[in-house]
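Welcome, and thanks for taking a look at this fold with us. Please keep the model open beside you while you read the notes below.

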Amino acid sequence: MLNALKRLFAGKSVEVDWPAVEAWARHLGLGLRHERDPFKVVCEGAFDAAQRWRLEYGTPQRDYIEGHELRARVELDLPPTLNVLLLSRPLKEQLEAAAFERFTQAMATRIDTASPEEMRWLAMYPKVALRASEALRTRYSLVANAPAAALAWLDGRLAQRLGEHAAGMQDAPFVLMTLRGRLYLRQAAAALLNVQLLEETLDLLKLASARARETLAQWTEDDDGSWVSTTSHAWAIDTHIDLPLDPLPGAEPR
């Protein structure tokens, strides 16, 4: 993976090892197809019946990624308004600078809706202090409209795995976010000369999805816009309900 990223910054041509990618997909029983873009790979599968995923390699869909990107989407049925954004620190600085430039040049009062969610969320949502490993704190930034839920998601195994992933990616753009109930991943990827990048990305995606189902799915938005854990909320409600007493034998119920 590191060699592939070095090629990105060296400006070398994009290549795909089709036999290796096809053998990898066939071994895992995954659906794989090539699209019109000669370098585009589309691979589909499922972690379980409720977690279908799609992995693509090809032309980037975001301006902040040059060359080619590896992107993924997982159907998780999370709360649709729960927005969490984890991104590499250099990318955060790049997007904030771009947002400031757009804002000042247009003399606007807000960032326009044509800007990607990543840029708008950096301005809209509070920054969340990462309490996990040093690798996570120094290499990523986090914003969310539900900070406690976001921290619960990134705790433990996922924090460790993201720290390891960042070490291999170095300063390449990377995004992991929830949007409209789904989980999305984007990262720069210059080439698919072997399947290591696919394996590592799919492994990270599987862990992030499992943790999201364990944590993020348990949160809901209150009427005032705050987010509460449905588990703790239900417990609090149950402990404050005054249940009617059974009537005494022979007594008329009231």
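To read the helix angles here, keep in mind that axes are lines fitted to C-alpha atoms, for helices over the stretch in contact, and that angles run from 0 to 180 degrees between N-to-C directions. With that in hand, the axes of helix H2 (residues 18-28) and helix H8 cross at roughly 40° and come within 10 Å. The model is a predicted one. Its protein chain holds nine helices and 10 strands, and 45% of the 254 residues count as buried.

**Overall picture**

- Among the contacts in the protein chain with a separation of 6 or more, 59% are between residues 24 or more positions apart.
- Eight strands make up an open sheet with antiparallel pairing, and their order is E1-E2-E3-E4-E8-E7-E5-E6.
- Strand E1 (31-34) and strand E6 (140-144) stand at the edges with a single partner strand each, so one side of each has no neighbour in the sheet.
- On average, and with direction ignored, neighbouring strands of this sheet are turned by 10° against each other.

**The pairing of E4 and E8**

- Strand E4 (residues 69-75) pairs with strand E8 (residues 182-188) in the antiparallel sense, over seven bridges.
- If you would like a place to check the register, Leu-185 in E8 is the bridge partner of Ala-72.

**Helices on the sheet**

- Helix H4 (residues 117-124) packs on the sheet, where it touches strand E5 (84-88), E6, strand E7 (174-179) and E8.
- The direction of H4 makes about 75° with that of E7.
- H8 also packs on the sheet, touching strand E3 (52-58), E4, E7 and E8.
- The direction of H8 makes about 150° with that of E8.

**H8 and its helix partners**

- H2 and H8 are oblique to each other, because their angle of roughly 40° falls outside the ranges for roughly parallel, perpendicular and antiparallel.
- On the H2 side, Val-21, Trp-24 and Leu-28 make the contact, and on the H8 side Leu-198, Glu-199 and Leu-202 do.
- Sorted by class, the contact of H2 with H8 has five nonpolar residues, no polar residues and one charged residue.
- Helix H7 (residues 157-169) packs with H8 (residues 196-214) at an angle of about 155°, and their axes are 10 Å apart.
- Angles over 145 degrees count as roughly antiparallel, and H7 and H8 are therefore roughly antiparallel to each other.
- The crossing of H7 and H8 is left-handed.
- From H7, the residues Arg-157, Leu-158, Arg-161, Leu-162 and His-165 take part, and they meet Glu-200, Asp-203, Leu-204, Leu-207, Ala-208, Arg-211 and Glu-214 of H8.
- This contact of H7 with H8 divides into five nonpolar residues, one polar and six charged.

**Helix H6 and the residue after it**

- Buried residues in helix H6 (residues 147-154) are Ala-149, Ala-150, Leu-151, Trp-153 and Leu-154.
- Just after H6 comes Gly-156, which takes a positive phi of about 70°.

**Loop residues worth a look**

- Asp-77 sits in the loop between E4 and E5, and has a positive phi of about 55° although it is not a glycine.
- Asp-77 counts as exposed because its relative accessibility is 73%.
- Arg-180 lies in the loop between E7 and E8, and its phi is near 50°, again a positive value in a residue other than glycine.
- With a relative accessible area of 55%, Arg-180 is exposed.
- His-68 is found in the loop between E3 and E4, and at 10% relative accessibility His-68 counts as buried.
- The C-alpha atoms of His-68 and Gln-187 are 8.8 Å apart in space, while the two residues are 119 residues apart in sequence.

**Val-143 in an edge strand**

- Val-143 belongs to strand E6, which stands at an edge of the sheet.
- Val-143 counts as buried, at 2% relative accessibility.
- Leaving aside residues up to four places away in sequence, Val-143 touches Asn-83, Val-84, Leu-85, Trp-121, Leu-122, Tyr-125, Pro-126, Lys-127 and Val-128.
- Val-128 is 15 residues from Val-143 along the chain, and their C-alpha atoms are separated by 5.4 Å.

Terms used. Residues are numbered from 1 along each chain as its sequence is written. This is a predicted model: local features need pLDDT of at least 70, side-chain atom pairs count only at pLDDT 80 or more; totals for chains, interfaces and linings use all residues. Side-chain values use heavy atoms; hydrogens and water are left out. Helices (H or I, at least four residues) and strands (E, at least two) are DSSP runs, numbered from the N terminus. Angles under 35 degrees count as roughly parallel, over 145 as roughly antiparallel, 65 to 115 as roughly perpendicular and the rest as oblique. A crossing is left-handed if the near helix is turned anticlockwise from the far one by less than a right angle, and right-handed if clockwise. Contact means heavy atoms within 4.5 Å. Ala, Val, Leu, Ile, Met, Phe, Trp, Tyr, Cys and Pro count as nonpolar, Asp, Glu, Lys and Arg as charged, and the others, Gly among them, as polar. Buried means under 20% relative accessible area, exposed over 50%, partly exposed in between (1.4 Å probe, protein chains only). Two strands pair if DSSP finds at least two bridges between them.
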